[in-house]
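User: I'm new to this one. Could you show me the structure and walk me through its sheets?

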Amino acid sequence: MTEPAFDSARFRQVLGHFPTGVCVVATFGEDDRVGLVDLATGATLASLPGPLGYVCDVAFSPDGQRLAAATAEGHVALVDVGTASIIRVVLLEPARLEGEPAALGFSDDGAALAVGSRAGVLAAVPLAAGKPARRVGKLSVPVACLAWSQ
């Protein structure tokens, strides 16, 4: 078995992986650009428009067609993976999260995101236009990862 050509030294942080496992999302460059990187070749497949700011976490929609990227400034950019274009930017209102977002997770149907903050706050973000994020609870510990369950 040959080793993949992925050179982790080129990237500041690896944030997530595409559902098929073919590529990862990583930040690179002086402006922390976010890109999709092929694990086999190390090639950048797409670079997201930006800079988005410091990206805290990413999540792929269940169908792999959209990527959500949460920034320290309290925004979530929804990106079309095929075109690498921003579909929509959702303001999370960092004050309601009591800090920057730390974890994202799409619902099974891709219609909503769960967001967790370093302060332990959990929020639900409907992705339909015009629907505001709502706080749903607070834990006594920081949120490190999220997943939806039926």
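**Two strand sheets**

User: Which strand pairs with strand β6 (residues 66–71) over five bridges?

Analyst: This is a predicted model, where local features need pLDDT of at least 70, side-chain atom pairs count only at pLDDT 80 or more, and totals for chains, interfaces and linings use all residues. Residues are numbered from 1 along each chain as its sequence is written, and side-chain values use heavy atoms, with hydrogens and water left out. Strands are DSSP runs of E, at least two residues, numbered from the N terminus, and two of them pair if DSSP finds at least two bridges between them. Here β6 runs antiparallel to its partner over five bridges, and that partner is β7 (residues 75–80).

User: Which residue stands opposite Arg-66?

Analyst: Look across to β7. The residue facing Arg-66 there is Asp-80.

User: Which are the edge strands of the sheet with β6 and β7 in it?

Analyst: The sheet is open, with antiparallel pairing and the order β5-β6-β7-β8. Edge strands pair on one side only, and here they are β5 (55–60) and β8 (85–91).

User: And what does the twist average from one strand to the next?

Analyst: Strand axes are lines fitted to C-alpha atoms, with angles from 0 to 180 degrees between N-to-C directions. From one strand to the next, the twist averages 20 degrees.

User: In the sheet β9-β10-β11-β12, which residue stands opposite Phe-106?

Analyst: That open sheet is antiparallel too, and β9 (101–106) is one of its edge strands. Five bridges join β9 to β10 (residues 112–117). Opposite Phe-106, in β10, stands Leu-113.

Methods
Helix = DSSP H or I, 4+ residues; strand = E, 2+ residues; numbered from the N terminus.
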